[in-house]
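User: Hi! I am new to reading protein structures, and I would like to learn where the labels come from. Could you go through this one with me?

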Amino acid sequence: MRTLILLLAAGTALSAQAPVSGADSALVSRILRAEDRRDTTDRALVDGVASADARVALLARRALVRISDSRFTGRDSLGTLPAPPAYADPAWRIRYRALDPKKVDCATLRLALTDSSWHVRLRAADIVTASCSADTVLVKTLRGWLASSGRLSRTKDGAAWQPAAHALVALARVSPGDARNQVASFINNPSPWVRTYAARAAAVLEDERALRFLARNRNDNVKEAAIDALAKLTGHKQDELFLLALGAPGYQAVRAGALALKGGTSRSDIRRTAIAAAHRLRRDSSETSRDARMEVMARIAEFADVSDAPRVAALAADFDCEVARSAAAIAAKLGTPTEARCTPFVRTLPADAVRLALGDEVRLRVVMAPASGGGSFTVRLRGDVAPIIAARVLALVRSRYYDSLAWHRVEPDFVIQGPSRGDNEYVGHPRFLRDELGTVPHVRGTVGMSTRGHDTGDAQWFVNLKDNLRLGRDYTVFGEITDGIDVADGVLEGDVIQRIEVIKG
């Protein structure tokens, strides 16, 4: 630690300099690789701190601090970086924030359901309660929204299926008869987004029949919502459906099924199916399946017996050290002491990381699909903060990874998040992106990397729609919107990115 402090004391200023030499460029590459591997013993870090080029020295000092402190509490010792652009809030967000579910009355909600902004309207629907059941105008407005259930496209200021989906759940609370009359058509809707909301409405209505039907849905987000509801409604009465979910391709459905089976009664079926699921998920070789895998391991720990020890012990050899340790611990409890043997995937440095770290500017244009309102916004990659993540994102953009995927999470006074090939937070890129926490704050318009824990970046973006300074402790800023923030503000759940293109760099 004393050596680290002395290295940090070497200075933090980074001034404009001539282009780096070939040797220094190679050294930067070594520094970034050491940081990505979390390897404090790499000689590149010492060589970097001693470099006469201030840029190289700063990168080495920053790598040392990031490696040694996962929370990067020493970030302030490294100076400041250029601040992101500043943006005012749209006018509708004031009205959105005024809809406090603990304070608003039915008259206020009735008015909000006709607001010029769909974000405000949908918020009003989401917080309306049974106390407004006698407000006939409010109920009539929600009934009118149901007609949009088959709408697949929208204009810039309009909405597609979203009003119908939110209205169905709202009506389940304020007018259950109306909702029951509609559930049958909604559970067969061609849109998985609508079917997911149908599951939420069925949960409010305690419609076990609809939930059983949806728990077998071909879409794993629908399946997840139905299973979560069924587990609360019927306990272990539907364990057969939960067991089926362990074979689903979507990690969110596997996780939901494994959670629902906690404390289940069909012990032999659960342990056999859970162990088979664990072996299948290992063959998938996706690091971002960790949450699902660990929930499956929890069921194995709960239900496995001595006869399962060999198959459980085999799971102690894995690419994910957390899973390997869990399997080894379970095998030991079953009487088969086993050493956890984890072999993480080899990490290679993305091609553009060095030039981004040294200040090259790259901008991306996020083009929304015409059916999702169209428009675009521009993101400048912050290679000065997070060169490795920025370079990995750039490589994914060039491979068309994000094209035709959707923003699956929309919280209009917080963030939008996506894209995911499973349209949810549990399905991400199969290789983790490691944190590069920095000194650029999570202010409105910055773009961060989604994670589910330290060093578990899943390649999903989140756009800060307001200042979210508390996120700086855990999440990496890798970009900032420089143009078109109104388009990001206007995104609705399920809106599709037509393409992301490189427009500079």
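Analyst: Gladly! This is a predicted model, and a pair of helices is a good place to begin. Helix α13 packs against helix α15 (residues 251-260) at an angle of about 15°, and their axes are 8 Å apart.

User: What makes α13 roughly parallel to α15?

Analyst: Set the angle against the cut-off. The two helices pack at about 15°, and angles under 35 degrees count as roughly parallel. Therefore α13 is called roughly parallel to α15. The crossing of α13 past α15 is left-handed.

User: Which residues make the contact between α13 and α15?

Analyst: From α13 come Asp220, Asn221, Lys223, Glu224, Ile227, Asp228 and Ala231, while α15 brings Gln252, Ala253, Ala256, Gly257 and Ala260. Sorted by class, the contact of α13 with α15 has five nonpolar, three polar and four charged residues. If you wonder about Gly257 of α15, Gly counts as polar here.

User: Now another pair. How do α10 and α11 pack, and at what angle?

Analyst: Helix α10 (residues 176-186) meets helix α11 (residues 192-205) at about 140°, with 10 Å between their axes.

User: Why is α10 called oblique to α11?

Analyst: Roughly antiparallel needs an angle over 145 degrees, and roughly perpendicular covers 65 to 115. The angle of about 140° fits neither of those ranges, nor the one under 35 degrees, so α10 is oblique to α11. Here too, α10 passes α11 in a left-handed crossing. The contact is made by Pro176, Ala179, Arg180, Val183 and Phe186 of α10, together with Val194, Arg195, Ala198 and Leu205 of α11. By class, that gives seven nonpolar, two charged and no polar residues.

User: Let us turn to the empty spaces. What makes a space a pocket or a cavity?

Analyst: A cavity is a space where a 1.4 Å probe fits but cannot get out, whereas a pocket is open. The structure holds two cavities of 30 Å³ or more. The largest cavity has a volume of about 40 Å³, and the second largest has about 30 Å³.

User: Which residues line the largest cavity?

Analyst: Its lining is formed by Arg38, Arg66, Asp69, Ser70, Phe72, Asp435, Leu437 and His454. By class, these are four charged, two polar and two nonpolar residues.

User: And what lines the second largest cavity?

Analyst: Around the second largest cavity are Arg33, Asp36, Arg37, Arg347, Thr348, Leu349 and Arg392. Helix α2 (residues 22-37) gives the largest share of this lining, three residues. The classes here are five charged, one polar and one nonpolar.

User: How big is the largest pocket, and which residues are closest to its centre?

Analyst: The largest pocket has a volume of about 1100 Å³. It is lined by 44 residues, and closest to its centre are Arg200, His408, Arg409, Val410 and Glu493. Among the elements that each supply at least two lining residues are α11 and α13, the helices we met earlier. The lining has 19 nonpolar, eleven polar and 14 charged residues.

User: What about the second largest pocket?

Analyst: The second largest pocket holds about 620 Å³ of space. Among its 25 lining residues, Glu287, Arg347, Phe432, Arg434 and Asp455 lie nearest the centre. Both α19 (321-333) and α21 (387-398) supply at least two residues of that lining. By class, the lining of the second largest pocket has twelve charged, nine nonpolar and four polar residues.

How values were computed. Residues are numbered from 1 along each chain as its sequence is written. This is a predicted model: local features need pLDDT of at least 70, side-chain atom pairs count only at pLDDT 80 or more; totals for chains, interfaces and linings use all residues. Side-chain values use heavy atoms; hydrogens and water are left out. Axes are lines fitted to C-alpha atoms, for helices over the stretch in contact, and angles run from 0 to 180 degrees between N-to-C directions. Helices (H or I, at least four residues) and strands (E, at least two) are DSSP runs, numbered from the N terminus. A crossing is left-handed if the near helix is turned anticlockwise from the far one by less than a right angle, and right-handed if clockwise. Contact means heavy atoms within 4.5 Å. On a 1 Å grid over the protein atoms alone, a cavity is a set of points where a 1.4 Å probe fits but cannot get out, and a pocket is an open set with protein on both sides within 12 Å along at least five of seven lines; lining residues have an atom within 4 Å of a point. Grid points are joined across faces, edges and corners, and a volume is the space filled by probe spheres set on the points.
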